[in-house]
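Reader: I have a model open and would like to talk it through with you before I set anything up. Could you take me through it piece by piece?

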Amino acid sequence: MRLFGGNFAHQESVARVVGQQGRGRAGIEASLDVQYLMSAGANISTWVYSSPGRHESQEPFLQWLLLLSNESALPPVHTVSYGDDEDSLSSTYIQRVNTEFMKAAARGLTLLFASGDSGAGCWSTSGRHQFRPSFPASSPYVTTVGGTSFQNPFRVTSEIVDYISGGGFSNVFPRPSYQEEAVTQFLSSSPHLPPSSYFNASGRAYPDVAALSDGYWVVSNHVPIPWVSGTSASTPVFGGLLSLINEHRILSGHPPLGFLNPRLYQQRGAGLFDVTRGCHESCLNEEVQGQGFCSGPGWDPVTGWGTPNFPALLKTLINP
């Protein structure tokens, strides 16, 4: 904030830490999340949830979600920059975590998850390649954020796909009704679809939205670090902007936004810049040659509906 926050009002520190924290130094991931959530969502009270340890050698999402379930007063927006491969988790655990996401949506919480930094992903079984979706990005009850970069990385220019932006189709969760029309339109109109054997066309498709994910400065343990990139950056930025919109809604006598996806798809990306140039990465083989899905007009499984145009997004979302 001393380096970059001189021109806007902001909170001096995190308001509350929930959960256990170790005594080690702050990692660059946590520093990135906090700094850009508190900058994009300037002057909004910010909590940090800390859930150490592992579950099935992966992230302890259920531990964090149970913390949420056991609290009556919660921040209305949660942004998470962590994820695992869908196939690395047991079906029982994925369904249990997804049930908690469903509860959070029913409570009126907005949960944002990074779409991942491996494009469509890739895995091989018995010599057969497939794309590799990410979880919780693939849950139908969270809002998943992809990534973009500037066409000229050294100037604020038009946005194109960040080739690492995670996206694709779940192998676990069927396509929810709220995105039926948008996904059907993409699958029927995209001129650059990968072979159908690489993805589950009937699965929950993600991301839902995107934001800039390339070329961030992060201060970690008092050291400024340039060129930090990933959907770990785009997700807290989007969360900060939604927090500002919630502030306007609350001051107008309306409840917070809550579960955002049905509204996003119903309004067909209103308030978002449509990103139509670029493809993300995938399997390095002869068949797809490292290319996954490509962006196009409207929703696509690379940048979703697009990136936030804050004045237009505020106008779109301020009313019930």
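**Helix α5 and its surroundings**

Author: Let us start with Ser243, which lies in helix α5; please keep in mind throughout that this is a predicted model.

Reader: Okay, and is Ser243 buried or exposed?

Author: Ser243 has a relative accessibility of 15%, and because buried means under 20%, it counts as buried. Leaving aside its neighbours within four places in sequence, Ser243 is in contact with Ile44 and Val77.

Reader: What about the rest of the helix, how many residues of α5 are buried?

Author: Of the 21 residues of α5, 17 are buried, so the helix is largely enclosed by the rest of the structure.

Reader: And how far apart are the end C-alpha atoms of α5, against what its residue count should span?

Author: Helix α5 covers residues 231-251, and at 1.5 Å a residue its 21 residues should span 30 Å; the end C-alpha atoms are 30 Å apart, which agrees. Just after α5, Gly253 takes a positive phi of about 85 degrees.

Reader: Which residues have the most contacts inside the largest nonpolar core?

Author: They are Phe238, Leu242, Phe293 and Trp299, in a core of 34 residues. At least two residues of this core come from each of α4 (180-189), β13 (209-212), α5, α6 (261-266) and α7 (310-317). In general, nonpolar side chains in soluble globular proteins tend to be buried together.

Reader: Let me follow up on Leu242: which residues is it in contact with, leaving aside its neighbours within four places in sequence?

Author: With that exclusion, Leu242 is in contact with Val77, Thr110, Leu112, Leu257, Leu260 and Leu317. There is also a second, separate core of 21 residues, which includes Tyr93, Ile94, Ala104 and Phe135.

Reader: Changing topic to empty space, how many cavities of 30 Å³ or more are there?

Author: The count comes to one cavity of 30 Å³ or more, and about 40 Å³ of space lies in the largest cavity. Its lining is made by Leu65, Leu68, Ser69, Glu100, Lys103, Ala104, Arg107 and Leu109, and the elements that give two or more residues to that lining are α2 (61-69) and α3 (91-107).

Reader: Which element gives the most to the lining, and what classes of residue are in it?

Author: Helix α3 gives the most, with four residues. By class, the lining of the largest cavity has four nonpolar, one polar and three charged residues.

Reader: I always check the backbone too, so where are the cis peptide bonds?

Author: One cis peptide bond joins Phe135 and Pro136, with omega about 15 degrees, and Pro136 has its place in the loop between β8 (134-135) and β9 (143-150). Another joins Tyr206 and Pro207, with omega about 5 degrees, and Pro207 lies in the loop between β12 (203-206) and β13.

Reader: Which residues have a positive phi although they are not glycine?

Author: His222 has a positive phi of about 75 degrees and is found in the loop between β14 (216-220) and β15, where it is exposed, with a relative accessible area of 73%. Gln289 has a positive phi of about 55 degrees; it lies in the loop between β17 (279-281) and β18 (291-294) and is exposed at 64%.

Reader: One last spot, Pro224: where does it lie, and what is it in contact with?

Author: Pro224 lies in strand β15 (residues 223-228) and, at 39% relative accessibility, counts as partly exposed. Leaving aside its neighbours within four places in sequence, Pro224 is in contact with Leu3, Trp217, Val218 and Val219.

Methods:
Residues are numbered from 1 along each chain as its sequence is written. This is a predicted model: local features need pLDDT of at least 70, side-chain atom pairs count only at pLDDT 80 or more; totals for chains, interfaces and linings use all residues. Side-chain values use heavy atoms; hydrogens and water are left out. The expected span of a helix is 1.5 Å times one less than its number of residues. Buried means under 20% relative accessible area, exposed over 50%, partly exposed in between (1.4 Å probe, protein chains only). On a 1 Å grid over the protein atoms alone, a cavity is a set of points where a 1.4 Å probe fits but cannot get out, and a pocket is an open set with protein on both sides within 12 Å along at least five of seven lines; lining residues have an atom within 4 Å of a point. Grid points are joined across faces, edges and corners, and a volume is the space filled by probe spheres set on the points. Ala, Val, Leu, Ile, Met, Phe, Trp, Tyr, Cys and Pro count as nonpolar, Asp, Glu, Lys and Arg as charged, and the others, Gly among them, as polar. A nonpolar core is a set of buried Ala, Val, Leu, Ile, Met, Phe, Trp, Tyr and Cys residues joined through side-chain atoms within 4.5 Å. Contact means heavy atoms within 4.5 Å.
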